[in-house]
Amino acid sequence: MRTNEAVVRINAAAYVLTAAALSFALALHLFPTLFAGLLVYALVTALAPAVQRLVPGVHAHWLVVALLAIVVVGALTLAIVAAFAFLHSESGNPTLFFERLTPLVERARTQLPTFIVDRLPDDSAEMRTAVMEWLGEHTAQLQVAGKQAVRVVVQLGIGIVLGAMLALHSAQERPQGGPLSVALKARAAHLVNAFHDVVFAQVKISALNTLFTGGFLLVGLPLFGVALPLAKTLVVLTFVIGLLPVVGNLISNTLIFVVALSISLLVALAALAFLIVIHKLEYFFSARLLGARIQAFAWELLLAMLVMESLFGIAGLIAAPIYYAYVKRELREAQLI
């Protein structure tokens, strides 16, 4: 029988090791691996109970992992094919893209203040020249960014494999292990639950926001004879960027407002009013979906994201809601809050 002092020491050691591991994941730029691993593990553990009704035992986990592998490989293949098809299409052609931007720039010049207009390019040729000059000045940085992108893709692949392996490992009957092992497993379970709460809830919130935004851009505005440029692209960006809590919607809404401003000030104001209404609805659903799960307000998440971004950059910005939800779960479990 372990004494209370021994239990406290074991739990303290587990907390320190977990905090160190989470910190090293960001400091060593391994967060993509952690994120992918947690995502696959959470998906497998969430889907396995339903599959176990048809395939009992560990075979359900094997089936889910196989299906996930097929989906991931298929999605990556489709993404590559779609990227090449887009680049060879009229919409994705870089030259035609700059030509399509010319009307937007000219219209925006009539709506914006003078000090902003003076800083805008006059036509597509000047815009293309400016972009080429910027690319020439930042060639080294772009090469580094390309290498980092390859590294992130590799890390995501490793994380997917690790998450699947851990899901299968956890499904097998094994001895309980020592006291530290048990404590670490409890910390890992809380981390997975926090990840599940944040990511899955945010996907629902982003999907709902995208549905409303798509209805406004693709249905509402055309009913009044307004065709917003790049509307479909904006809808896709709304979902992808909206996966970032709080900050994501601010970015996507800014893009929508700027594009709407290229049509007219009235359209921009209408878009702004609609986005404000959507935000109010989203805060309600966020409170029900995300806030209720991790018991955190929007200002708490925003503060955590600001601090983490200043410490670890973009990775910290993405990790902040997950880490914050995990910390709050541990504090509630210890009855400290």
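1. I begin with the character of one site: the lining of the second largest pocket comprises 15 nonpolar, 10 polar and 3 charged residues. The model is a predicted one, and the volume of about 950 Å³ that is computed for the second largest pocket should be read with that in mind.

2. As to who forms this site, the second largest pocket has 28 lining residues in total, and those that lie nearest its centre are Y41, L166, A188, A189 and V192. Four helices, namely α1, α2 (31-52), α7 (139-171) and α8 (179-223), each contribute at least two residues to the lining of the second largest pocket. Which helix gives the most to that lining? The answer is α8, which supplies 8 residues to the lining of the second largest pocket.

3. Helix α1 also takes part in a packing contact that deserves a separate comment. Helix α1 (residues 4-27) packs with helix α13 (residues 314-333) at an angle of about 170°, and the axes of these two helices are 11 Å apart. Because angles over 145 degrees count as roughly antiparallel, α1 is described as roughly antiparallel to α13.

4. The residues that make this contact can be listed for both sides: on α1 they are Y15, T18, L22, A25 and L26, while on α13 they are A315, G316, A319, Y323, Y326 and E330. Sorted by class, the residues in the contact of α1 with α13 are 8 nonpolar, 2 polar and 1 charged.

5. A13 is a further residue to look at in helix α1. Is A13 buried, partly exposed or exposed? Its relative accessible area is 31%, and buried would require a value under 20% whereas exposed would require one over 50%, so A13 is partly exposed. Although A13 and L180 are separated by 167 residues in sequence, their C-alpha atoms are 7.7 Å apart in space.

6. Turning to the protein as a whole, the model contains 13 helices and 0 strands, and the order of elements from the N terminus is accordingly α-α-α-α-α-α-α-α-α-α-α-α-α. Of the 337 residues in the protein, 33% are buried.

7. A last point concerns how contacts are spread along the chain: when contacts between residues at least 6 apart in sequence are considered, 69% of them join residues that are at least 24 apart. The pair of helices α1 (residues 4-27) and α13 (residues 314-333), whose packing is described above, can be viewed alongside that figure.

Key: Residues are numbered from 1 along each chain as its sequence is written. This is a predicted model: local features need pLDDT of at least 70, side-chain atom pairs count only at pLDDT 80 or more; totals for chains, interfaces and linings use all residues. Side-chain values use heavy atoms; hydrogens and water are left out. Axes are lines fitted to C-alpha atoms, for helices over the stretch in contact, and angles run from 0 to 180 degrees between N-to-C directions. Angles under 35 degrees count as roughly parallel, over 145 as roughly antiparallel, 65 to 115 as roughly perpendicular and the rest as oblique. Contact means heavy atoms within 4.5 Å. Ala, Val, Leu, Ile, Met, Phe, Trp, Tyr, Cys and Pro count as nonpolar, Asp, Glu, Lys and Arg as charged, and the others, Gly among them, as polar. On a 1 Å grid over the protein atoms alone, a cavity is a set of points where a 1.4 Å probe fits but cannot get out, and a pocket is an open set with protein on both sides within 12 Å along at least five of seven lines; lining residues have an atom within 4 Å of a point. Grid points are joined across faces, edges and corners, and a volume is the space filled by probe spheres set on the points. Buried means under 20% relative accessible area, exposed over 50%, partly exposed in between (1.4 Å probe, protein chains only).
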